[in-house]
Amino acid sequence: MKRKLILLLLSLCVLGQAADQETDTDRLSRAVSYFQGGKYHEAMILFEQLSAKYKLNPRFNGFLGLCYYHEWQYEEAAAILDKTMEKLEVFAPAERAVYYFTCGDSHFKQEEYAAAISYFEKALTVCYENEKPEIYYKLAYSHLRMNDVVQANALFAEAEDYYSLYHTTPQLAARIGKMQDIVDDTERELAIMNLPKEEPILRDTLHFEAPKTINLDDIFGSGIEIDEEE
């Protein structure tokens, strides 16, 4: 029994030394593995530790930005992706689409709609067709929040068309209906904006009507006489 206890303690010591001897290369490999497995919090911690010691290459900074996004840290995600985006543009279109959308949506979540629009427009040029409904929807909403009603209306219609093509599941029916409501609202706003402007009418203040001929004596000569003080 005593011998087994000694062997167990020796095994624990060896395992502890092995853990202490993990290299930064091992940590980077583990961070990538976590990231690929969707364990974004664990990956984020390791990428942050490595970033504090080394200048990470653009792809790993991109991964860190995606980790921030999935951890709802939108300000951090936008900051690192904005800084790295130019160097990420050498990668394949599908990968760039992820970075563009993530950075755009990070700005969108912070109500920074001008920046969001720029990235959403880039994402549309490289994304897959079935990714366009979400992008068009948020692009349209961004224009709406910036009071560009005409463009918002057109983009909402595009979003609805793409949702109908690629997202016909019952779970999205409510969202498509909501989108139609927004389109209807913007169309009403457009109709109001396009109404011809009415010219102001000089009204007869005595008879409460708009006379065909303006008779100033009739309007202002009420027959009330005012005695001037001597």
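Residues are called buried under 20% relative accessible area, exposed over 50% and partly exposed in between. With that scale in hand, the charged and aromatic side chains of this predicted model can be placed one by one. A convenient starting point is E129, which counts as partly exposed because its relative accessibility is 36%. Its salt-bridge partner is K132, and the closest N and O atoms of the two side chains are 2.7 Å apart. K132 itself has a relative accessibility of 11% and therefore counts as buried. This bridge thus joins a buried lysine to a partly exposed glutamate.

The count of salt bridges in the model comes to 10. Several of the residues involved belong to a network, in which E22, D24, R27, R30 and K53 are linked by salt bridges. Within this group, the side chains of D24 and K53 meet at 2.8 Å, N to O. D24 lies in helix α2, residues 24-36, and K53 in helix α3, residues 40-53, so the bridge ties together parts that are 29 residues apart in sequence. The two ends of the bridge sit in contrasting surroundings: D24 is buried, with a relative accessible area of 17%, whereas K53 is exposed, at 56%. Another contact in the network pairs E22 with R27, where the closest N and O atoms are 3.9 Å apart. Here E22 is partly exposed, with a relative accessible area of 21%, and R27 is also partly exposed, at 23%.

Attention now turns to charges outside the salt bridges. A negative surface patch is made up of E48, E75, E76, D82 and E112. The biggest share comes from helix α5, residues 74-88, which gives the patch 3 residues. E112, in turn, is placed in the loop between α6 (93-109) and α7 (113-126). A patch member needs over 30% relative accessible area. E112 has 35%, so this residue passes that cut-off while counting as partly exposed.

Aromatic side chains supply another set of contacts, with 12 aromatic pairs in the structure. One of them joins Y69 and Y74 in an edge-to-face arrangement, with 5.7 Å from centre to centre and 65 degrees between the planes. Both partners fall in the buried class: Y69 has a relative accessibility of 15%, and Y74 has 18%. Elsewhere among the aromatic residues, ring pairs link F35, Y40, F47, F60 and F63 into a cluster.

A further tyrosine, Y137, is found in helix α8, which spans residues 132-145. With a relative accessible area of 9%, Y137 is buried. Along the chain, Y137 and E158 are 21 residues apart, and their C-alpha atoms are separated by 8.2 Å. Helix α8 also takes in K132, since its range is 132-145, and the salt bridge from K132 to E129 was described at the outset.

Taken together, the contacts can be read by type. For the charged side chains, there is the network of E22, D24, R27, R30 and K53, alongside the bridge between K132 and E129. For the negative charges of the surface patch, helix α5 gives the most. For the rings, there is the edge-to-face pair of Y69 and Y74, together with the cluster that includes F35 and Y40.

How values were computed
Residues numbered from 1 in each chain as written. Predicted model: local features only at pLDDT ≥ 70, side-chain atom pairs only at ≥ 80, totals over all residues. Heavy atoms only, no water. Patch = residues over 30% accessible without salt bridge, like charges linked within 9 Å, V, L, I, M, F, W, Y side chains within 5 Å. Areas by Shrake-Rupley, 256 points an atom, 1.4 Å probe, with all protein chains shown as cover. Salt bridge = Lys/Arg side-chain N within 4 Å of Asp/Glu carboxyl O. Lys, Arg positive; Asp, Glu negative; His and termini not counted. Charge placed at Lys NZ, Arg CZ, Asp CG, Glu CD. Helix = DSSP H or I, 4+ residues; strand = E, 2+ residues; numbered from the N terminus. Buried < 20%, exposed > 50% of the residue type's maximum accessible area, 1.4 Å probe, protein only. Phe/Tyr/Trp six-rings, centres within 6.5 Å; stacked < 30°, edge-to-face > 60°.
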